[in-house]
Amino acid sequence: MGRTAGFSLDDIVVAFGPQGDLRVDRAALLGKADELDRTITQLTAVRDGLRHAAACPAPSHAECPTFRHLLREVMAGRIATIDALTP
């Protein structure tokens, strides 16, 4: 579960004491949950944009008001690009 959530193996090893007892860093868990929320929001926007682009009736993406709006949002840094989401 830790790897799926994006914790490194080193992060996971630190969570276990010398006797194998689990030491949960609640602040780290909450921080990772917040990070996942941001990633989900960004990926949802990307998915929705792709679906819109696939179904858009505009003659070209450059003429699509929705695509142009999304492009402005990316350029302004309000929507992350996919490479900004990957570690």
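Is E35 buried, partly exposed or exposed? In this model, which is predicted, E35 counts as partly exposed because its relative accessibility is 37%, a value that lies between the limits of 20% for buried and 50% for exposed residues.

E35 is a useful place to begin, since its side chain is engaged with a neighbour: E35 forms a salt bridge with K32, and the closest N and O atoms of the pair are 3.6 Å apart. Both residues belong to helix 3, where a spacing of three residues, about one turn of the helix, separates them. The two partners differ in their cover, for K32 is buried because its relative accessible area is 13%, whereas E35, at 37%, is partly exposed. Side chains of opposite charge can pair when their charged atoms come close. Two salt bridges are found when the whole structure is searched, and the side chains of R47 and D48 also meet in one, with a distance of 2.9 Å from N to O. R47 is partly exposed, its relative accessible area being 40%, and D48, with 38%, is likewise partly exposed.

From the charged pairs we can turn to the open spaces of the model. The largest pocket has a volume of about 460 Å³, and of the 18 residues that line this pocket, F7, D11, I12, A15 and L29 are the closest to its centre. Helix 1, which spans residues 2-5, helix 2, which spans 9-14, and helix 3, which spans 26-55, each supply at least two residues of the lining. The largest share of that lining comes from helix 3, which contributes five residues. Sorted by class, the residues lining the largest pocket comprise 13 nonpolar, one polar and four charged.

L29 leads from the pocket to the surface, since this residue, one of those closest to the pocket centre, also takes part in a nonpolar surface patch of about 370 Å², which is made by F16, L22, V24 and L29. Two members of the patch sit outside the helices, for L22 is placed in the loop between helix 2 and helix 3, and V24 is found in the loop between helix 2 and helix 3 as well. L22 counts as exposed because its relative accessibility is 56%, which is over the 50% limit, while V24, at 46%, counts as partly exposed. A sense of the distances involved comes from L22 and L50, which are 28 residues apart along the chain and whose C-alpha atoms are separated by 42 Å.

The structure also holds an enclosed space. A search of the whole structure finds one cavity of 30 Å³ or more, and the largest cavity has a volume of about 40 Å³. Its lining is formed by G49, H52, A53, C56, H61, C64, F67 and L70. Helix 3 and helix 4, the latter spanning residues 65-75, each supply at least two residues of this lining, and helix 3 gives the most, with three residues. The classes here are five nonpolar and three polar residues, with no charged residue in the lining of the largest cavity, whereas four charged residues are counted in the lining of the largest pocket.

Helix 3 thus recurs through the description: both E35 and K32 lie in it, the largest share of the pocket lining comes from it, and the largest cavity receives three lining residues from it.

Technical notes: Residues are numbered from 1 along each chain as its sequence is written. This is a predicted model: local features need pLDDT of at least 70, side-chain atom pairs count only at pLDDT 80 or more; totals for chains, interfaces and linings use all residues. Side-chain values use heavy atoms; hydrogens and water are left out. On a 1 Å grid over the protein atoms alone, a cavity is a set of points where a 1.4 Å probe fits but cannot get out, and a pocket is an open set with protein on both sides within 12 Å along at least five of seven lines; lining residues have an atom within 4 Å of a point. Grid points are joined across faces, edges and corners, and a volume is the space filled by probe spheres set on the points. Helices (H or I, at least four residues) and strands (E, at least two) are DSSP runs, numbered from the N terminus. Ala, Val, Leu, Ile, Met, Phe, Trp, Tyr, Cys and Pro count as nonpolar, Asp, Glu, Lys and Arg as charged, and the others, Gly among them, as polar. Patches are made of residues with over 30% relative accessible area and no salt bridge: like charges are joined within 9 Å, nonpolar side chains (Val, Leu, Ile, Met, Phe, Trp, Tyr) within 5 Å. Accessible areas come from the Shrake-Rupley method with a 1.4 Å probe; for residues, only the protein chains shown count as cover. A salt bridge is a side-chain nitrogen of Lys or Arg within 4 Å of a carboxyl oxygen of Asp or Glu. Buried means under 20% relative accessible area, exposed over 50%, partly exposed in between (1.4 Å probe, protein chains only).
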